[in-house]
Amino acid sequence: MQTEASWNLGKLLTVLVVVLTGFGVLPLFLGRFQVVLVTEALILGVYALSFDLIFGYAGMLSFGQSIFFGVGAYTILYSFKGGLGLAVSLLLAVFVAGIFGLLVGSAIVRIKGAKFFLVTLVGSILFYLLALDNRWLTGGSDGMVVPTVFPGLVENYYLVLGVSLTTILFALILVKSPLGLVLKMIRDNERRAGLLGYSLKKYKVMTFTIGGGIAGLAGGLYAYTSGFVSAGFFHWTRSADAVVWTILGGAGTVVGPFVGAALLTVVRDTLSAVMGNIYPVVVGALLVLAVVVFPRGVFGLLERAVGNWKGGSGG
Amino acid sequence: MSKLAFGLLNGVAWGTVLALLSSGLNVVFGLMGTVNVAHGSLYMFGAYLAWICFSFLDSFWLSLIVSPLTVGLVGVSIGLLLKPVRKDSILTVLGTFGITLVLQGSALVLWGGTPRRVPLPFDSTFSLFGTGYSFYRIFVALVSGLVLYCLWFLVERTKFGLRLRASREDPELSSAIGIPVFNLFLLGFALGGALAGLSGALIAPLVSLTPGMGLRIFAIVFLIVIIGGLGKIWRSVVVAIYFSVFRGLASVFLDSTKGLILTFSLALLVILINPRILGRSSANANGS
């Protein structure tokens with residue numbers, strides 16, 4: 001799993017400028033509907049990235065990201081109801097979801113492998129049931145309307161774009177930092193990392209907290225742009241979405257989750273026009289294919305192709 | 001009082017089916033170290049086969065043979081599909097989760113989202129505190145108990161079981177002394193699938209069938225297997241009955257959502273505070 005394209009600063013800047021310009025002028029070429037779609041894909045990319053930090057970098061297969069997505073969404077709801085502004089509310093969503101990440105993470109990071117998957121899955125189900133049961137707080141499955149005035153679709157797009165790029169930048173810095181290296185060591189050889197004296201628990205809890213905060217940010221953005229929250233935000237299938245997008249896009253890369261989320265948003269949308277029910281079957285088949293044939297995802301495939309083409313050690 | 005008795009009796013009847021289902025997962029996970037997330041969907045598939053047997057062939061009883069056989073074959077196909085990644089617990093979880101999506105999605109496409117019902121194959125009841133209690137539930141408990149006993153005998157008392165356990169303990173040594181490890185792996189999947197299919201068929205007349213019925217029950221069954229201990233069939237039977245009696249009573253005295261919340265919380269608590277469950281994990285279920 002251990003491959004890292006060697007980026008130098010110049011290349012990074014070029015990519016950054018191209019991506020920024022591309023995404024910056026995108027709304028000029030898109031219809032209203034596509035702008036909404038791209039906005040959604042970006043938010044879901046941020047959400048998938050939160051899972052990728054936990055799984056792709058720290059090796060914890062969490063099916064519990066919807067917990068933090070939901071917490072972030074409801075934080076926005078109550079923050080708006082309390083009259084706070086958007087920026088403060090989003091920060092609050094990150095903070096509150098991060099606290100939940102810290103609490104949940106501290107309780108479960110000792111658990112390993114498949115059992116970690118189970119515990120987080122059950123945690124997801126539990127939070128969903130709690131949200132269903134406490135209608136006074138969540139509005140149950142009917143949900144609640146987020147009290148906000150929309151500035152407009154394109155304005156929302158730029159807001160989401162800005163937040164996504166900030167998150168990507170944060171994640172890039174994080175994974176290139178000494179902390180990121182320690183995380184990768186834990187993922188690749190947990191025993192060795194422990195023997196070298198690294199506190200596995202501390203690092204894992206830290207990652208889980210950061211991942212929780214980012215998932216909360218995504219949930220907050222989603223609640224804000226859709227103007228609606230419901231108990232369904234906590235549903236485990238949302239956790240599974242983050243997993244699928246990340247695996248298909250490429251786990252252990254910062255851009256992979258965005259690629260996966262964007263691809264599947266387009267696939268879902270195209271299929272729903274043809275035959276709505278078939279989407280889960282296609283996603284499932286793609287996931288099996290990805291696991292058996294290309295475990296490093298679409299981004300991994302691209303990276304390898306580029307690496308082979310350059311004849312270098314990129315792939 | 002009658003509520004209590006109903007809760008208890010229902011709990012035991014449900015518990016035996018849950019035990020049967022969890023023993024299927026246990027054969028694959030506990031004895032082979034592979035987590036088959038699709039186990040719940042195989043159960044769902046078995047239940048729908050019962051509905052098909054009833055609606056189109058006019059015989060529910062046929063499904064008690066058709067479901068285990070068909071679903072067992074599906075189990076083998078899953079095993080074959082996952083051959084390249086079977087030693088990596090994380091990848092098998094992801095792969096079988098993909099298969100879950102495919103099975104669940106196909107059920108939705110083929111049979112629709114509206115709940116299907118299979119009528120009770122015999123509707124004789126006996127009186128319990130003045131209310132009728134269906135004999136079918138007793139029948140289900142008896143069949144499940146019988147199959148569980150056969151399974152225990154197969155795993156603990158036959159050469160096949162010995163080889164199965166040996167190939168889990170040490171796959172390399174086992175294949176070195178001539179045990180066909182991969183064939184056993186496939187047989188384990190067949191057995192697990194057959195047990196899931198049978199549980200699904202047995203339960204079909206007691207619940208309404210939806211494509212999504214598999215995944216929540218998978219979470220329950222996986223919890224049971226982990227709390228009961230990997231590879232320990234009887235222990236997971238005890239946990240299954242305990243679990244469903246508790247849930248039955250909680251649902252009777254609270255409502256079904258609150259009952260489920262309480263049950264799941266308690267199960268998580270047991271896992272989190274119990275060092276035996278945390279500490280000992282099978283070789284393959286350990287890390288990525």
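**Exercise 1. Find how much area is buried between chain B and chain A, and what share carbon and sulfur atoms give.**

Solution. Start with the total: about 3,700 Å² is buried between chain B and chain A, with carbon and sulfur atoms giving 83% of it. Buried area here is the accessible area (1.4 Å probe) that two parts lose on being put together, summed over both.

Before going on, a word on the model: it is predicted, so local features need pLDDT of at least 70 and side-chain atom pairs count only at pLDDT 80 or more, while totals for chains, interfaces and linings use all residues. Residues are numbered from 1 along each chain as its sequence is written, chains are lettered from A and ligands numbered from 1 in the order in which they are written, and side-chain values use heavy atoms, with hydrogens and water left out.

Next, count residues: 45 of chain B are in contact (heavy atoms within 4.5 Å) with 41 of chain A.

**Exercise 2. Work out which salt bridge links the two chains, and which helices hold its residues.**

Solution. First, the count between chain B and chain A is one salt bridge, whereas the whole structure has seven over all chains. The term means a side-chain nitrogen of Lys or Arg within 4 Å of a carboxyl oxygen of Asp or Glu.

Second, the partners are Lys258(B) and Asp133(A), at 3.4 Å from N to O. Lys258(B) sits in helix α11 of chain B and Asp133(A) in helix α5 (residues 113-133) of chain A, so the pair joins two chains. Helices are DSSP runs (H or I, at least four residues), numbered from the N terminus.

**Exercise 3. Describe how α3(B) packs on α8(B).**

Solution. Take the geometry first. The axes of α3(B) and α8(B) (residues 181-203) come within 6 Å and cross at roughly 145 degrees. Axes are lines fitted to C-alpha atoms over the stretch in contact, and angles run from 0 to 180 degrees between N-to-C directions.

Now the residues. Among those of α3(B) in this contact are Gly72(B), Gly75(B) and Gly79(B), and the α8(B) side includes Phe182(B), Phe185(B), Gly193(B) and Gly197(B). By class, the contact has 15 nonpolar, seven polar and no charged residues. Ala, Val, Leu, Ile, Met, Phe, Trp, Tyr, Cys and Pro count as nonpolar, Asp, Glu, Lys and Arg as charged, and the others, Gly among them, as polar.

**Exercise 4. Place Arg86(B) and list what it touches.**

Solution. Begin with the location: Arg86(B) is in the loop between α3 (63-81) and α4 of chain B. Then follow the side chain of Arg86(B), which reaches the backbone oxygen of Lys83(B) at 3.2 Å. Finally, leaving out residues up to four places away in sequence, Arg86(B) touches Thr34(B), Thr92(B), Phe182(B) and Phe185(B). Phe182(B) and Phe185(B) also belong to the α8(B) side of the contact in Exercise 3.

Conventions:
Polar contact = N/O pair within 3.5 Å; in protein donor to acceptor, adjacent residues only side chain to side chain.
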